[in-house]
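User: Please take a close look at one part of this protein: its salt bridges. I would like to know where the charged partners sit and how exposed they are.

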Amino acid sequence: MSERIPTGCAAIDDLLGGGFERGAVTQVYGPPAAGKTNIVLSAAVELAAAGDSALIVDTEGLSVDRMEQLAGAGGRDADDVASRLIITEAYTFEEQEEAVRDVEEFVDVVDFIALDSATGFYRLQRTEQEEGEALRAVGRQLAHLLSLARKHDIAVAFTNQVFTDPESDQARALGGHTLNHWSATIVRVDRFRGGNRRATLEKHRAKPAGEKAQFRITDNGLESGEPR
């Protein structure tokens, strides 16, 4: 089995079984400011620091300062690390679809692809057209990424937002079963006490659901928290 793509945080890597799985799609979801983007960005930066390349489809506006901070952590040459990060920006739902299609042009040079986020524009799009069609469009994007992941032994991750389920009054991942279907692994991220974050494994090929990991977001990246 091919090596997984580490996130740079031991606690999260252990939760994932070593990192993001190649040939599969991992979903990272949670409320705003929970740490979703930090997880996928950290994995991309760690991969670039090791000499390989990663691609990020950015739909929400990545913080350049944060990316430079992570790239230069530990005394690394930030410019050298950043040179192996390919970032494509999308400003509309249509541009997101185009960017995901164009990912195929880079599959021979990258080992990790992150879509951050898959559902930001979907949330807006579903107010302008039938929700079902917008959701099917996101599903087609993930199906395309999964196909590329399997053919080229690449790890794919996407971040997802939450909504409040009126029946249970609980926060759930947008897209429900449709997006979960394409996800081999699903991790929920929440803010926790004392500035910590908690990642909960909800789906995995080889590990039981319910396992948790605690971590912190620092200037140097992601650091494991106290085990619980």
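Analyst: Glu-133 and Arg-136 pair through their side chains in a salt bridge, with 3.4 Å from N to O. This comes from a predicted model. Both residues belong to helix 7, which spans residues 131–152. They are 3 residues apart, about one turn of the helix.

How exposed is each partner? Glu-133 has a relative accessible area of 30%, so it counts as partly exposed. Arg-136 is at 46%, so it is partly exposed too. The pair does not stand alone: Glu-133, Arg-136 and Arg-140 are linked in a network of salt bridges.

Across the whole structure, the search finds 9 salt bridges. One of them joins the side chains of Asp-111 and Arg-22, at 2.9 Å from N to O. This pair links distant parts of the chain, with the two positions 89 residues apart in numbering. Asp-111 lies in the loop between helix 5 (93–102) and strand 4 (112–116). Arg-22 lies in the loop between helix 1 (10–16) and strand 1 (24–29). Is Arg-22 buried or exposed? Its relative accessible area is 19%. The cut-off for buried is under 20%, so Arg-22 counts as buried.

Arg-188 and Asp-190 form another salt bridge. Their closest N and O atoms are 2.9 Å apart. Arg-188 has 16% relative accessibility and is therefore buried. Asp-190, at 17%, is buried as well.

Now the charges outside salt bridges. Asp-65, Glu-68, Asp-77 and Asp-79 form a negative surface patch. Patch members have no salt bridge, because the patch is built that way. Where does Asp-77 sit? Asp-77 is in the loop between helix 3 (64–71) and helix 4 (78–82). Its relative accessibility is 48%, so Asp-77 is partly exposed.

Last, the nonpolar interior. The largest nonpolar core has 36 residues. Phe-20, Ile-39, Phe-112 and Phe-215 have the most contacts inside it. Helix 2 (residues 36–49) gives the largest share of this core, 8 residues. A second, separate core holds 29 residues, including Leu-55, Tyr-122, Leu-145 and Leu-148.

To recap the salt bridges: Glu-133 and Arg-136 share helix 7, and Asp-111 and Arg-22 join distant parts of the chain. Arg-188 is buried, and so is its partner Asp-190.

Notes:
Residues are numbered from 1 along each chain as its sequence is written. This is a predicted model: local features need pLDDT of at least 70, side-chain atom pairs count only at pLDDT 80 or more; totals for chains, interfaces and linings use all residues. Side-chain values use heavy atoms; hydrogens and water are left out. Patches are made of residues with over 30% relative accessible area and no salt bridge: like charges are joined within 9 Å, nonpolar side chains (Val, Leu, Ile, Met, Phe, Trp, Tyr) within 5 Å. Accessible areas come from the Shrake-Rupley method with a 1.4 Å probe; for residues, only the protein chains shown count as cover. A salt bridge is a side-chain nitrogen of Lys or Arg within 4 Å of a carboxyl oxygen of Asp or Glu. Lys and Arg count as positive and Asp and Glu as negative; His and the chain ends are not counted. The place of a charge is taken as NZ of Lys, CZ of Arg, CG of Asp or CD of Glu. Helices (H or I, at least four residues) and strands (E, at least two) are DSSP runs, numbered from the N terminus. Buried means under 20% relative accessible area, exposed over 50%, partly exposed in between (1.4 Å probe, protein chains only). A nonpolar core is a set of buried Ala, Val, Leu, Ile, Met, Phe, Trp, Tyr and Cys residues joined through side-chain atoms within 4.5 Å.
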